[in-house]
Amino acid sequence: MDKLSALKQIAMDNGCAFFGTSCVAENLPEGFLHLPYAITLGMRYPKTIIDGIKDGPTCHYYHHYRTINANLDRTAIQIESRLLAWGHEAVYVPASQSLPTNPFAALFSHKIAAVKAGLGFIGKNNLFIHTEFGPGVRLSTILTDLELPAPPESAMIPNACADCHLCYKACPAGAIHGMVPKAPYRVGDVMNAEKCSYLMKNKFGMIGRGSVCGICIAVCPFAR
């Protein structure tokens, strides 16, 4: 079995629904420039869980959120370890991340790597929307110096939100701008993350201490 197939097998054995590779050399932060290739891991929520959060988060959704993140991290570190054992450098980026200097920013965007892998697009709701599973997914990334297949730009999935504004209308925080993300992708162009966080903590604090909402996932047509 070749290296790429072996890595993909680890992902599939751990319950990942999809796997992709890309070159992210233009999107790396300082200290990671020597790791230009990315492996994207993705897990999906059950449709029953997503259908249950149209009016707000549930305990079942929160526990799936936490457990899926933990499984993605566990899978990512297994792949990281395999790459290190082969003599390559690799670092996994946690499924859920924030910076101590800015709780609304991340070290690296899982969504950019997933888009460059040709797995889907970023919607008006600022969610990664997988071509088959829609927005009801979680992502993790492993950065490495192992040369991996990188789809050409022509293989990127174009934004398919069109004139839909369901997420914009449904967001209880008014945090979604209703704009199609443009390159280079910046969260602030699509949504106000601070408004989203404030609403979660103040309206849904009884669910996971206000760390989840999910309404924009449930109302998205691609979630159906």
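**Sheet.** I looked up the strand order in this predicted model. I found four strands in an open sheet, ordered S1-S2-S6-S3. Their pairing is antiparallel. Which strands sit at the edges? They are S1, residues 18-23, and S3, residues 90-93. Each of these pairs on one side only. I then checked the turn between neighbouring strands, and it averages 20°, direction ignored.

**S1 and S2.** How many bridges join S1 to S2? I noted six, with the two strands running antiparallel. S2 covers residues 37-44. I picked out one opposing pair here: Ser-22 faces Ala-38 of S2.

**Helices on the sheet.** I went to helix H1 next, residues 3-13. H1 packs on the sheet and touches S1 and S2. Its direction makes about 140° with that of S1. Then I turned to helix H3, residues 59-85. Which strands does H3 lie across? I listed S2, S3 and S6, the last being residues 137-144. H3 runs at about 20° to S6.

**Second largest pocket.** I looked up its volume and wrote down about 170 Å³. What lines this pocket? I read off Arg-44, Tyr-45, Lys-47 and Ile-50, then Glu-132, Phe-133 and Gly-136, and finally Phe-222, Ala-223 and Arg-224. I sorted the lining by character: five residues are nonpolar, four are charged and one is polar. Arg-44 also links two of my entries, since S2 spans 37-44 and Arg-44 is one of the lining residues.

Definitions and conventions
Residues numbered from 1 in each chain as written. Predicted model: local features only at pLDDT ≥ 70, side-chain atom pairs only at ≥ 80, totals over all residues. Heavy atoms only, no water. Pairing = 2+ DSSP bridges. Axes fitted to C-alpha atoms, helices over the stretch in contact; angles between N-to-C directions. Contact = heavy atoms within 4.5 Å. 1 Å grid on protein atoms, 1.4 Å probe; cavity = no way out; pocket = protein on both sides within 12 Å on 5 of 7 lines; lining within 4 Å. Points joined across faces, edges and corners; volume = space filled by probe spheres on them. Nonpolar A, V, L, I, M, F, W, Y, C, P; charged D, E, K, R; others polar.
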